[in-house]
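Please look at the sequence and the structure that follow. The briefing after them takes up a loop, the packing of helices, the pairing of charged side chains and the surroundings of a few single residues.

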Amino acid sequence: MSGEQRIDHARLLYERAVFDGDADALGIAGRELDGVEADLALARGRILHARSLEDGNEDPHELALFERSTT
């Protein structure tokens with residue numbers, strides 16, 4: 001599922017929670033958004049890694065982004 005699809009799904013789950021009283025939907029929506037955040041951190045880490053390969057300067061944020069994407 002793409003990031004955009006996950007965000008749309010989280011929106012639908014929010015509506016289910018608010019309008020249908022489905023409290024379980026909130027946990028699922030949170031996990032969907034965690035997945036989007038992990039994908040974004042991984043993508044940012046890859047960009048920093050590519051830059052460090054190009055210019056030889058390691059960015060200290062690179063490792064933190066990769067670690068964040070795994071949690």
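Gly21 lies in the loop between α1 and α2, where helices and strands are DSSP runs numbered from the N terminus (H or I with at least four residues for a helix, E with at least two for a strand). At 59% relative accessibility Gly21 counts as exposed, on a scale in which buried means under 20% relative accessible area, exposed means over 50% and partly exposed lies in between (1.4 Å probe, protein chains only). From Gly21 to Arg31 the sequence separation is 10 residues, and their C-alpha atoms are 18 Å apart in space.

The model is a predicted one, in which local features need pLDDT of at least 70 and side-chain atom pairs count only at pLDDT 80 or more, while totals for chains, interfaces and linings use all residues. Residues are numbered from 1 along each chain as its sequence is written, and side-chain values use heavy atoms, with hydrogens and water left out.

**Helix α1 against helix α2**

- Two packed helices are described by the angle between their axes and the distance between the axes.
- Helix α1 (residues 3-20) and α2 have axes that come within 8 Å and cross at roughly 160 degrees, the axes being lines fitted to C-alpha atoms, for helices over the stretch in contact, and the angles running from 0 to 180 degrees between N-to-C directions.
- That angle makes α1 roughly antiparallel to α2, given that angles under 35 degrees count as roughly parallel, over 145 as roughly antiparallel, 65 to 115 as roughly perpendicular and the rest as oblique.
- The crossing of α1 past α2 is left-handed, a term for a near helix turned anticlockwise from the far one by less than a right angle, whereas clockwise would be right-handed.
- On the α1 side the contact (heavy atoms within 4.5 Å) is made by Gly3, Arg6, Ile7, His9, Ala10, Leu13, Arg16 and Ala17, and on the α2 side by Ala25, Leu26, Ile28, Ala29, Glu32, Leu33, Gly35, Val36 and Asp39.
- By class, this contact of α1 with α2 has 10 nonpolar, three polar and four charged residues, where Ala, Val, Leu, Ile, Met, Phe, Trp, Tyr, Cys and Pro count as nonpolar, Asp, Glu, Lys and Arg as charged, and the others, Gly among them, as polar.

**Helix α2 against helix α3**

- The axes of α2 and α3 are 8 Å apart and the two helices pack at an angle of about 155 degrees; α2 and α3 are therefore roughly antiparallel to each other.
- Here too a handedness can be given, with α2 passing α3 in a left-handed crossing.
- Glu37, Ala38, Ala41, Leu42, Arg44, Gly45, Arg46, Leu48, His49 and Ser52 in α2 meet His61, Glu62, Leu65, Phe66, Arg68 and Ser69 in α3, and the residues of this contact divide into six nonpolar, five polar and five charged.

**Salt bridges**

- Side chains of opposite charge can pair when their charged atoms come close.
- The count comes to four salt bridges, each being a side-chain nitrogen of Lys or Arg within 4 Å of a carboxyl oxygen of Asp or Glu.
- One of them joins the side chains of Arg6 and Asp39 at 3.4 Å, N to O, and this pair links distant parts of the chain, with Arg6 in helix α1 and Asp39 in helix α2, 33 residues apart.
- Of these partners, Arg6 is buried at a relative accessible area of 19%, whereas Asp39, at 38%, counts as partly exposed.
- Arg16 and Asp22 also meet in a salt bridge, at 3.0 Å from N to O; Arg16 is partly exposed with a relative accessible area of 35%, and Asp22 is partly exposed at 21%.
- Arg68 forms a salt bridge with Glu37, with the closest N and O atoms 3.0 Å apart; Arg68 lies in helix α3 (residues 61-70) and Glu37 in helix α2, so the pair ties together parts that are 31 residues apart in sequence.
- Both ends of that bridge are partly exposed, Arg68 at 45% relative accessibility and Glu37 at 39%.

**Two further residues of α2**

- Leu48 has its place in helix α2 and counts as buried at 15% relative accessibility.
- Not counting residues up to four places away in sequence, Leu48 touches Asp59, His61, Glu62 and Leu65, while its C-alpha atom is 19 Å from that of Thr71, a residue 23 places away in sequence.
- Gly30 is found in helix α2 (residues 24-55) and counts as partly exposed at 28% relative accessibility.
- Gly30 and Ile7 are 23 residues apart along the chain, and their C-alpha atoms are separated by 10.0 Å.
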